[in-house]
Amino acid sequence: MLRREHEPTLLVRANARCRSSKLAAAPRTHFHEYERARAADLAHDKVDFATTTREIARHEAQPLTLQIFQRALLERASDRFRHPVPQKVVCLRVAQCALRTAPALMTPLIELAHGQQFPAGALYIVATPIGNVADITVRALHVLGLVDRVAAEDTRNTSQLLSRYGISKPTIAVHEHNERSAAEHVIAHLRNGERIACVSDAGTPGISDPGARLVDAVREAGFPVIPLPGASALTTALSVAGAWVHTFSFIGFLATKTKQRDTQLHALLTHTPALVFYEAPHRIVETVQALERAFGGDRKLLIARELTKLHESVHQCTLAEGPTWLAADANRQRGEFVLVVEGAPQTEAAANAHDALLETLLEELSVSSAARLAATLTGASRNALYTRALAMDKARDSDKDTGEEVAQ
Ligand code: SAM
């Protein structure tokens, strides 16, 4: 129990958004048993304000998602005190403010997440943030709170991430080198009727990350695999690329060996959809140079770096300008990268080759099937091929009509 001289001061009016506040003496009755014990624990000069507020939010018997949101508000309000702060400043009113604000904003979303069926004995593929931890969905939080265990690429990273949201779960390591054996482990738990979430270190599992083999194995074993969509560096970069990327192919990481990488790039030379690559900082300069050598300097290049993070930058230039831009500031070579490169131009030669292919395919197939198959074979835009195939089909019909008229 606190002695009278340690009676805490309350923040009686606080607005987490505009950060205004007013202090006053606190009647002790405002504290739950828990906060009282906490305040007594902290009978020193300093108190970690953020930790205290966290406990107050967690104390409320409310859905996890709502608690997380409230905690975020509290921590935001606590920023202004630059913790540790003098013991006397206790944040009960800030908590109350957040408790009032959060339900109005979050309740409809939380109800939607809670109202959905999340069957037992299923694997949930859950996307997590690629930088900013706030980029998690309400459904993802709900499922992470609900599952019996989490299959994670790096269990330590994932435990840390989950703890940011106040979640603690048993984990199973599922990484590049053990995906097959880990899948058996996961399937054994699914047989016991457990719900299992699969997460990677960042973004969407299975996109240049472990997860895809686990999905195959679980589906083959007859259990449902349920997607929880969210952040991915791929879609985040594409969302700011612009209209020149109307179709794209995701290549991910290029081979690390120079010869293999150059062979890969050579095979993509006439590929007309835009190309999306992932790259690490220690290879970014070399990769951009290799792209310029392979495709020439004229194509557009988007360099998306540290997306959603403090030093996020998105720069568009040509392949010829890329190496110079990177070299101009060492910071531009730091962090994580997505590169988007414009596809090969639709040359007359390519158009002629596509016409010849469509001509043959239209002998046997419908317009849409011919366009679909031609797109698969050439990598060209299916829509463009469909438009072309339709025109060719109409021309063939009118030739036929004319021929029939002449024959009559
Ligand atoms: N599964 C993840 C996804 O959905 O985007 C990708 C994982 S892959 C192992 C990691 C690579 O993704 C990084 O090397 C980088 O190329 C890209 N990446 C991840 N986060 C990024 C970010 N915040 N900004 C730019 N690129 C990022």
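**Helix packing and an open sheet in a predicted model**

Helices α7 and α8 are oblique to each other, because an angle of roughly 45° falls outside the ranges that count as roughly parallel, roughly perpendicular or roughly antiparallel. The structure described here is a predicted model. Helix α7 covers residues 179–191 and helix α8 covers residues 212–220, and their axes come within 9 Å of one another. The crossing of this pair is right-handed. On the side of α7, the contact is formed by Glu179, Arg180, Ala182, Ala183, Val186, Ile187 and Leu190, which meet Arg213, Leu214, Ala217 and Val218 of α8. By residue class, the contact of α7 with α8 comprises 8 nonpolar and 3 charged residues, with no polar ones.

A second helix pair is made by α10 (residues 258–267) and α11 (residues 284–295). The axes of α10 and α11 lie 10 Å apart, and the two helices pack at an angle of about 45°. That angle makes α10 oblique to α11. The crossing of α10 with α11 is right-handed. In α10, the residues in contact are Arg261, Asp262, Leu265 and His266, and their counterparts in α11 are Ala290, Leu291 and Ala294. The contact of α10 with α11 contains 4 nonpolar residues, 1 polar residue and 2 charged residues.

Helix α10 also takes part in a right-handed β-α-β unit, together with strands β11 and β12. Strand β11 spans residues 248–252 and strand β12 spans residues 274–279. These two strands run parallel and are joined by 4 bridges. Within the pairing, Phe248 stands opposite Ala274 of β12.

Strands β11 and β12 belong to an open sheet of 5 strands, in which the order is β11-β12-β15-β13-β14. The pairing in this sheet is mixed. The edges are occupied by β11 and by β14 (313–318). Each edge strand has a single partner strand, so one side of β11 and one side of β14 are left without a neighbour in the sheet. On average, neighbouring strands of the sheet are turned by 20° against each other, direction ignored. For β11, the partner strand is β12, to which it runs parallel. Strand β11 is thus described both as an edge of the open sheet and as a part of the β-α-β unit with α10 and β12.

Technical notes
Residues numbered from 1 in each chain as written. Predicted model: local features only at pLDDT ≥ 70, side-chain atom pairs only at ≥ 80, totals over all residues. Axes fitted to C-alpha atoms, helices over the stretch in contact; angles between N-to-C directions. Parallel < 35°, antiparallel > 145°, perpendicular 65-115°, else oblique. Left-handed = near helix turned anticlockwise from the far one by under 90°. Contact = placed C-beta atoms within 7 Å. Nonpolar A, V, L, I, M, F, W, Y, C, P; charged D, E, K, R; others polar. Pairing = 2+ DSSP bridges. Right-handed = clockwise from strand over helix to strand, strands pointing away.
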